[in-house]
Amino acid sequence: MTDANKHGFTTTILHGDRQKPIEHGSLHKPIHTSVAFGYKDAHELAAVFQGRQPGYRYGRQGNPTVSALEDKITKMEQGVATVCFSTGMAAIGAVVQALLRKGDHVVSSSFLFGNTNSLWQTAGGLGIDVSFVDATDVCQVEAALTPSTRVVFVETIANPRTQVADLKRIGELCRDRGILYIVDNTMTSPYLFQPKKVGAGLVVNALTKSIGGHGNALGGALTDTGVFDWSGFPNIFDNYKRYPSAQWGMAQLRAKALRDFGGTLAPEAAHHIAVGAETMALRIERECQNAMALATMLSQDPRVAAVHYPGLPSHPQHGIASELFASYGGLFSFELKDGIDCFDYLNRLKIAIPASNLGDTRTLVIPVAHTIFYEMGAQRRASMGIAESLIRVSVGIEDTADLVEDFRQALDVA
Ligand SMILES: *Cc1c(COP(=O)(O)O)cnc(C)c1O
């Protein structure tokens, strides 16, 4: 099981399943659809329930096909354990359900995926106080900490404006204060960046995006990197303290979030995601190359007002992104000059598809303020740096020249 250190990223993903016994020599982990798991001896069933023996109990809390995917994600993140969920939001929601309590305080980046922003508002209604800060500046994070701060939450590259959090310094701050540091790695993916390296205790991945990569299955994951010392975390139920403290977080997440709330990843979805993950490195490399070509072309065109992509030297966090990430990702956003309507522009594109989702093989475009960030209103959009004309682009694996020509020709107003 140490091949993650010996072999490269893709070799490890492709051959990971064979580290465990393989059923009938099957090269793909089979899709196990059984909800129940039977035992010859009833004592064994009891031992599994009591955690004295490994095994499956009931499909809501675990399934062999899902476990195989969890092992792959753990290897990708070089972590110690992973719990998968039905969606990325179910994974982030699990943090609220399993790890936070009324009266707790969270410091979150204000540059966030819209639904995570909404989730923190929901948490506010449950008595969990959330402070939003500019996480590109560690001083703002530090200033927001209170004695009740349990979690600091950031995204690597924020969707859609691509701000890069001050990941390393926030990690040092959390380590010094003993605070759980949670990093949503969806926009970089474990191929470009492993948050463990900057001291994250938990890593979020929306498997729906780059890891599955084909827009055909929803899924999410939380990975324990092994960095955080759970023995000092005040919200662990006594029940889970019978395990070594390194396992407390995952044990409580699996029971309190997965079992009690039931946001379980389906085995069929786990299979789609695992197959998608096999080509993840190849896809992401092409996506990064395409994104750089498109962002460069648009940034040089006088009809474009702004391009937000960490790969451009003009990006405010280009330096941090270059230092921490293997490349700059497949997502960028841009604003057209006044006088060019963003809807007209999108309708002139012939290859890119107006659609929500990202990390797909196909290039997808969306007018952010009118769709995914519509509900929050103009004021909050402005505070997050979201211009009304902002277009988000999730770059696919199409041939580079075709994409560049598509985005260029759409600028030509008749
Ligand atoms: C899409 C996304 C999520 C949520 O994932 P779903 O599978 O759609 O629930 C969370 N964080 C980020 C950064 C995302 O892009």
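**Domain contact, ligand site and local backbone features**

The C-alpha centres of domain 1 and domain 2 are 28 Å apart in this predicted model. To the contact between them, domain 1 contributes 40 residues and domain 2 contributes 38 residues. In the domain assignment of the protein chain, domain 1 spans residues 9–277, and domain 2 spans residues 281–413.

Between them, domain 1 and domain 2 bury about 3000 Å², of which 60% falls on carbon and sulfur atoms. On the domain 1 side, Pro-160, Arg-161 and Leu-192 account for 22% of the area buried against domain 2, more than any other three residues. The polar component of the contact comprises 14 residue pairs in polar contact, both residues of each pair being at pLDDT 80 or more. Several helices of domain 1 each supply at least two residues of the side that touches domain 2, namely α2 (9–15), α6 (114–125), α8 (167–177), α9 (189–192) and α11 (267–277). By class, this side of domain 1 consists of 17 nonpolar, 19 polar and four charged residues. One salt bridge is counted between domain 1 and domain 2. A salt bridge joins the side chains of Lys-168 and Glu-323, with an N to O distance of 2.6 Å.

The loop between β4 (149–155) and α8 contains Pro-160, one of the three residues named above for their share of the area that domain 1 buries. The peptide bond leading from Asn-159 to Pro-160 is cis, with omega near 15°. Thr-162 is also located in the loop between β4 and α8, and its phi is near 65°, a positive value in a residue other than glycine. Both features depart from the usual pattern, because most residues other than glycine have a negative phi and most peptide bonds are trans.

The ligand is surrounded by 14 residues, of which Gly-88, Met-89, Asp-184, Thr-208 and Lys-209 come nearest. Polar side-chain atoms of three of these residues lie at short listed distances from the ligand, as follows. For Asp-184, a polar side-chain atom is placed 2.7 Å from a ligand nitrogen atom. In the case of Thr-208, an N or O atom of the side chain is 2.6 Å from an oxygen atom of the ligand. The side chain of Lys-209 has a polar atom 2.8 Å from a ligand oxygen atom.

Further local features concern two helices. Helix α3 (residues 42–49) is capped at its N-terminal end by Asp-41, a side-chain oxygen of which lies 2.7 Å from the backbone nitrogen of His-43. Just after α3, Gly-51 adopts a positive phi of about 75°. Helix α10 (residues 248–261) includes Lys-256. A polar contact of 3.3 Å links the side chain of Lys-256 to the side chain of Asp-260. With neighbours within four places in sequence left aside, Lys-256 contacts Ala-98, Phe-237, Tyr-240 and Phe-261.

Methods. Residues are numbered from 1 along each chain as its sequence is written. This is a predicted model: local features need pLDDT of at least 70, side-chain atom pairs count only at pLDDT 80 or more; totals for chains, interfaces and linings use all residues. Side-chain values use heavy atoms; hydrogens and water are left out. Domain bounds come from an automatic or database domain assignment. Contact means heavy atoms within 4.5 Å. Buried area is the accessible area (1.4 Å probe) that two parts lose on being put together, summed over both. A salt bridge is a side-chain nitrogen of Lys or Arg within 4 Å of a carboxyl oxygen of Asp or Glu. A polar contact is a pair of N or O atoms within 3.5 Å; within protein, one must be able to donate a hydrogen and the other to accept it, and residues adjacent in sequence count only if both atoms are side-chain atoms. Helices (H or I, at least four residues) and strands (E, at least two) are DSSP runs, numbered from the N terminus. Ala, Val, Leu, Ile, Met, Phe, Trp, Tyr, Cys and Pro count as nonpolar, Asp, Glu, Lys and Arg as charged, and the others, Gly among them, as polar. A residue is near a molecule or strand if one of its heavy atoms lies within 4 Å of it.
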